[in-house]
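Colleague: I am new to this structure and would like a close look at a single part of it, the open sheet and what surrounds it. Could you take me through that part slowly, one pairing at a time?

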Amino acid sequence: MSDAALTSAAPRGYRHHSKPLWRRALFTREIAVFAALVAVYVVAVFSVPNFAAPITITYLLLDVAAILFIALPMTMIIITGEIDLSVASVVGLSSVVFGTMYQAGLPIPLAIAVAIVVGAVAGFINGFLVTVMRLPSLAVTIGTLALFRGLAVGLLGTTAVTGFPATWSDLATSTIPGTPIPSVMILFGALTIVFVWLLHGSSFGRGVFAIGQSSEAARFSGVSVERTKLILFVLSGTVAALAGVYYTLRYGSARGDNATGLELGVIAAVLLGGVSIFGGRGALHGVIAAVLLIGTLASALRLANVTSDVINIITGTLLVASVVSPSFFAWVHEHWTRSRGRRARAAAAHTDATPATTQVDVPTSHNH
Amino acid sequence: MSTNSAVKAAQPPALELEGVSKSFGSVAALVSASLRVEHGSIHALIGENGAGKSTVVKIIAGLYQRDGGTFRYRGEEVNFTNTAQSKDSGIAVIYQEPTLFPDISVTENIFMGRQPTKSLGRVNRTLMRAMVVDLFSQLGVKLDPDRPTRGLSIADQQIVEIAKAISLDARVLIMDEPTAALSGVEVDRLFKVARSLRDEGRAILFISHRFDEVFELCDTVTVMRDGEYIATSAIADTTVAQLVRQMVGRDISTLYPKEVAEIGDDVLVVSKLNEPGRFHDVSFTVRAGEIVALAGLVGAGRSEIAQAIFGVDSYESGSVTVNGTQLRKHDPVAAMRLGLALVPEDRRKQGVILESSVARNITLAIRQSLRKYGLLRAQTENAAASEWASRLEVKTSALDATAGTLSGGNQQKVVLAKWLATNPSVLIVDEPTRGIDVGTKSEVHRALSRLAGNGLAVLMISSELPEVLGMADRVLVVHEGRITAELDRAEATAETVMYAATHRSAVA
């Protein structure tokens, strides 16, 4: 094809962005979550006794590590418009598989490998049912939530496998020398780099967003919708299994009921972090900030001797508020614009002047 | 014809529209529509796609409000603001594919929302059923009143809708292409019912693309074109040739210049493509530098053919070859790799991603080739997007503006840019200028023409005759899923294309 313009006029340049950099960078949902995280942290440092101690950070991160891991693939799944509710059950299943393999005499690395393969297979089952059988992921993963948990509890009964070698359980709870940061965060950092690349820096990620925004248009543009979703479910199962191994070593116990209900914490954090439940929108840094925000809040409240019921109420309210806030701000914006318009028209009628323009440019802080 | 002149004289016409206009934004759907439907008569409304027939129906049904002109119903001027008002005054619309509640019985569907009751508000099922049996015997049809409507044929579902209309004592029945999905026997039964309703003094407005049916059933015919009233004639006084002339009778101007291009080798070869119920035995070739139009009426199966070729839909048998390589069935990614591109019919659903930015839309299909060391950077995307947006003169405030904020014409340019960026050897465009303004339209035409001039093979689906006749080197006419005619540029006229598009047998 020639380089000539296909229409009459000469080629022209385009502005890449409609808003200046500082507005694009600052007025985002992700930054709002990050600001809330900093605010909560600072307030807690000054008002909660012992919160400032380095050990608090260590325990906080150890507590949220499993959620952090699973939130990475969950973010991508929710951006495609699907959901995976079975992750906590995969954690339990991988914990049990890891424990029984160890009990059967397998070396730890091999037992970990088996657990992770089981997680990948669990994710593949989800993905297969969603993409090949074309069932809704909500229904599929509610089913496998029960199925995988049932398998986990069935395999080990009500007993637990304990007594993992100290070198391994210490690895799960140790900190990076000279810092209060747990060593497991190195693994998390590596995974984050992979997932940030996958979602925000690869052609695969462009497809993920396109699917969430319009799976039909994505399909018509050569995005392999089904293959992409299948890969994401396998990733989700794999990472959940990894979290299961961590969970087992961290608490030194492989049990069928490990991490029950964890999926809700993951999904809450993903949504709080600015990922749209309808798909097509979100970013990993917002999700990571949201996991840390919920973790910090819970940790600070616990140190302040607030009971766990109240902590649940507070984090629940925060989540509802975060989901409601975009539509609330839009509503306020609309009413404000409209009443401004009414007032302007009334004023114009009064003074018999020419109608005033009713367009107002409201800087919105709930930008997506 | 059994139009009763005594009735006519005594009563004002059932429906009378004069100079009705309707615009959507800057697009005028109706300029000046006029229509006069008498009681006790079956009146045909015909015209090309986009002539404004559906808009007329929607105004009569109260779905749209007219911008200007008068609309009288049984002599009185009316302003329906919703469908309930027109229904209550006795107007019923029978659509091509009725929407019934599938899991409840035929009887309950007919009386939905207005069931006769006994004391304490209990539904009087016995009375309801008896009324339905009466209705069916009045219409002369055999249908089980107790069966659920799920699984009824479309013809039977239409009968249920008609029964519902009669039970409401509708004086005017509008049938919007009721026979499109019906078999011969079913059409005969529908016509019998329609005639008996006419003989009871009801007015029927019959919209159809099939001339044979219009001549068999109707008493009067009104032709519309480009949102305007053209002519009304008694069926006995007109001919198919005259109606076709009235439907297309505008000058095919030189607005759509196809540049002279060297026609090269076969690039796209479609052979005996078959998918039951959608299209049958479709074979054709498109050569380099050539624009081939798939003409025909909406619903003839052209988009289905295009989507099967591109691979977003599957087909049962046949083959598609691009540059000598056979395509895998149902695999758009493979089709793209071999140089196939499809600008789909439904721009807002299939073409652009409205929520996504202009840049991301344009680079979506080439995102893999923009990677460097596996990394896809916004800078690279913006550079590519900027280049293609400028070649097609996309008007946008910035590359990160969401595509949904652009006008329809500019959205279409974004879709074109997305596909041209893939450097295709075959470009399929499905209704490339539907719903876009005149200026952008001619820009799209010029772009397509230049592309063909540069050796691209273009397959263009279009329902607009001037576009087909102006742009195409060759015209393939599709009727009910089959290619019924292949016309050279010289042979293709409004009449030959329209004839082939409305008849089962081929002319060529």
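Modeller: Strands here are DSSP runs of at least two residues, numbered from the N terminus, and two of them pair if DSSP finds at least two bridges between them. With that in hand, and keeping in mind that this is a predicted model, we can begin with the hairpin of E11(B) and E12(B), where three residues lie between the strands and B:Gly277 takes a positive phi near 85°. Strand E11 of chain B covers residues 266–275 and strand E12 of chain B covers residues 279–287, and the two pair in the antiparallel sense over six bridges. To place this pairing in the structure, look for B:Asp266, which stands opposite B:Arg287 in E12(B).

E11(B) also pairs with strand E14 of chain B, made of residues 317–322, and this pairing is antiparallel with five bridges. Here B:Ser271 can serve as a landmark, since its bridge partner in E14(B) is B:Ser319. Moving on from E14(B), we come to E15(B), which runs antiparallel to E14(B) and is joined to it by two bridges; B:Val322 has B:Thr325 of E15(B) as its bridge partner.

Put together, these pairings give an open sheet of four strands in chain B, with the order E12-E11-E14-E15 and antiparallel pairing. E12 and E15 of chain B, the latter formed by residues 325–326, stand at the edges with a single partner strand each, and so one side of each has no neighbour in the sheet. Helix H10 of chain B, residues 302–310, packs on the sheet and touches E11, E12 and E14 of chain B, while its direction makes about 65° with that of E12(B).

If we follow the chain beyond the sheet, the loop between E15 and helix H11 (332–337) of chain B contains B:His330. The phi of B:His330 is near 60°, which is a positive value in a residue other than glycine, and B:His330 is partly exposed, with a relative accessible area of 44%. A positive phi in a residue other than glycine is also found at B:Tyr373, where the value is near 50°. B:Tyr373 belongs to the loop between helix H13 (358–363) and helix H14 (378–391) of chain B, and B:Tyr373 counts as exposed because its relative accessible area is 81%, where the cut-off for exposed is over 50%.

A further loop of chain B, between helix H15 (408–420) and strand E17 (426–430), holds B:Thr422. B:Thr422 has a relative accessibility of 22% and therefore counts as partly exposed, since buried would require a value under 20%. Leaving aside residues up to four places away in sequence, B:Thr422 touches B:Ala341, B:Ala365 and B:Ile366. The C-alpha atom of B:Thr422 is separated by 9.7 Å from that of B:Arg367, although the two residues are 55 residues apart along the chain.

For some context outside this part, the secondary structure of chain A comes to 14 helices and two strands, and 47% of its 368 residues count as buried. On the surface of chain A, a nonpolar patch is formed by A:Val320, A:Val324, A:Phe328, A:Phe329, A:Trp331 and A:Val332, which together have about 560 Å² of accessible area. Within this patch, A:Trp331 is found in helix H14 (residues 308–351) of chain A, and A:Trp331 is partly exposed at a relative accessible area of 48%.

Terms used:
Residues are numbered from 1 along each chain as its sequence is written. Chains are lettered from A and ligands numbered from 1 in the order in which they are written. This is a predicted model: local features need pLDDT of at least 70, side-chain atom pairs count only at pLDDT 80 or more; totals for chains, interfaces and linings use all residues. Side-chain values use heavy atoms; hydrogens and water are left out. Patches are made of residues with over 30% relative accessible area and no salt bridge: like charges are joined within 9 Å, nonpolar side chains (Val, Leu, Ile, Met, Phe, Trp, Tyr) within 5 Å. Accessible areas come from the Shrake-Rupley method with a 1.4 Å probe; for residues, only the protein chains shown count as cover. A salt bridge is a side-chain nitrogen of Lys or Arg within 4 Å of a carboxyl oxygen of Asp or Glu. Buried means under 20% relative accessible area, exposed over 50%, partly exposed in between (1.4 Å probe, protein chains only). Contact means heavy atoms within 4.5 Å. Axes are lines fitted to C-alpha atoms, for helices over the stretch in contact, and angles run from 0 to 180 degrees between N-to-C directions.
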